[in-house]
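Here is a colleague's note to read alongside the model, written as numbered points for someone new to looking at structures. Please keep the view open while you go through it.

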Amino acid sequence: MKMLNNLTETEILSLSKEGDNEALTFIITRYRAAVEVLASKYSDSPIEREDLIQEGMIGLLAAINSFDCSKGAAFSTYCYTCINNSLQTALRKVSRRKDVPQNSVVPLEEEFVNSKNSVLSAEDSFLAQESVSMLTQQLQNELSEFENNVLRLHMIGCSYREIANKLGKTPKAIDNALQRIRKKLKVVSF
């Protein structure tokens, strides 16, 4: 390791790319703290801290393998960008609905209101059914027929384009309808 201390970062990166494990370990050790700091920015995320650090380390390895000093950027800048991109990608993957198996999604009223194994008492079940009924009625009163159709399709996971195709409208019309629905839902009370 003492020999590596006398080399520039670019030289160490070149050695690492040539397969020098000592050079690779040196760079990883040098930037491990940066990975931990960047991962700690996402402490409220659904991903555990250690998993975030691993994702950051993947970004660090990608930076080491793909860095090109002829592009003019400093390795540290490039490295931080790669680490952050890796973390962001991991967070997006966790929050994507398309990765959730469709048969694992159960509507709220089906799970808590209609379930025979419900944790709700008979009284709570009745009140929940009444609340759902009142909300449904209020939505029917507040929203136009078109907006109700858009909301139903949106709630089952259809994209703007899919909704537009089903209703014979443009995606922009669907976006406008969803904006109106959001405004109307802010004032809905029961």
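**Notes on salt bridges, cores and helix packing**

1. In this predicted model, a good place to begin is E36, which forms a salt bridge with R32, the closest N and O atoms being 2.9 Å apart. Both E36 and R32 belong to helix α3 (residues 21-40), where they stand 4 residues apart, about one turn of the helix. As for their surroundings, E36 is partly exposed, with a relative accessible area of 26%, and R32 is likewise partly exposed, with a value of 29%. As a general point, side chains of opposite charge can pair when their charged atoms come close.

2. The structure holds 5 salt bridges, and another of them joins the side chains of E50 and R49, with a distance of 3.9 Å from N to O. E50 has a relative accessibility of 47% and so counts as partly exposed, while R49, at 45%, also counts as partly exposed.

3. A further salt bridge is formed by the side chains of R180 and E147, at 2.8 Å from N to O. This pair links distant parts of the chain, since R180 sits in helix α10 (residues 171-186) and E147 in helix α8, 33 residues apart. Which of the two partners is buried, and which is partly exposed? R180 is partly exposed, with a relative accessible area of 36%, whereas E147 is buried, with a relative accessible area of 2%.

4. Staying with helix α8 (residues 145-155), you will find that its buried residues are E147, N148, V150, L151 and L153. After α8 comes G157, and the phi angle of G157 is positive, near 100°.

5. Turning to the interior, the largest nonpolar core has 27 residues, and L60 and F75 are those with the most contacts inside it. The elements that give two or more residues to this core are α2, α3, α4 and α5 (75-95), and α3 gives the most, with 8 residues. If you select L60 and leave aside its neighbours within four places in sequence, you should find L60 in contact with I28, Y31, V35, C79 and I83. Apart from this core lies another one, of 12 residues, which includes L139, V150, A164 and A177. In soluble globular proteins, nonpolar side chains tend to be buried together.

6. Next, how do helices α2 and α4 pack, and at what angle? Helix α2 (residues 9-17) and helix α4 (residues 49-66) pack at an angle of about 95°, with their axes 9 Å apart, which means that α2 is roughly perpendicular to α4. At this contact, L13, S16 and K17 in α2 meet I64, N65 and S66 in α4. Sorted by class, the contact of α2 with α4 has 2 nonpolar, 3 polar and 1 charged residues.

7. Finally, it helps to step back to the whole protein chain, which has 10 helices and 0 strands. Buried residues make up 26% of its 190 residues. Among contacts in the protein chain between residues at least 6 apart in sequence, 52% join residues at least 24 apart; the salt bridge of R180 with E147, discussed in point 3, is a pair that links distant parts of the chain.

Methods. Residues numbered from 1 in each chain as written. Predicted model: local features only at pLDDT ≥ 70, side-chain atom pairs only at ≥ 80, totals over all residues. Heavy atoms only, no water. Axes fitted to C-alpha atoms, helices over the stretch in contact; angles between N-to-C directions. Parallel < 35°, antiparallel > 145°, perpendicular 65-115°, else oblique. Contact = heavy atoms within 4.5 Å. Nonpolar A, V, L, I, M, F, W, Y, C, P; charged D, E, K, R; others polar. Buried < 20%, exposed > 50% of the residue type's maximum accessible area, 1.4 Å probe, protein only. Salt bridge = Lys/Arg side-chain N within 4 Å of Asp/Glu carboxyl O. Core = buried A, V, L, I, M, F, W, Y, C linked by side-chain atoms within 4.5 Å.
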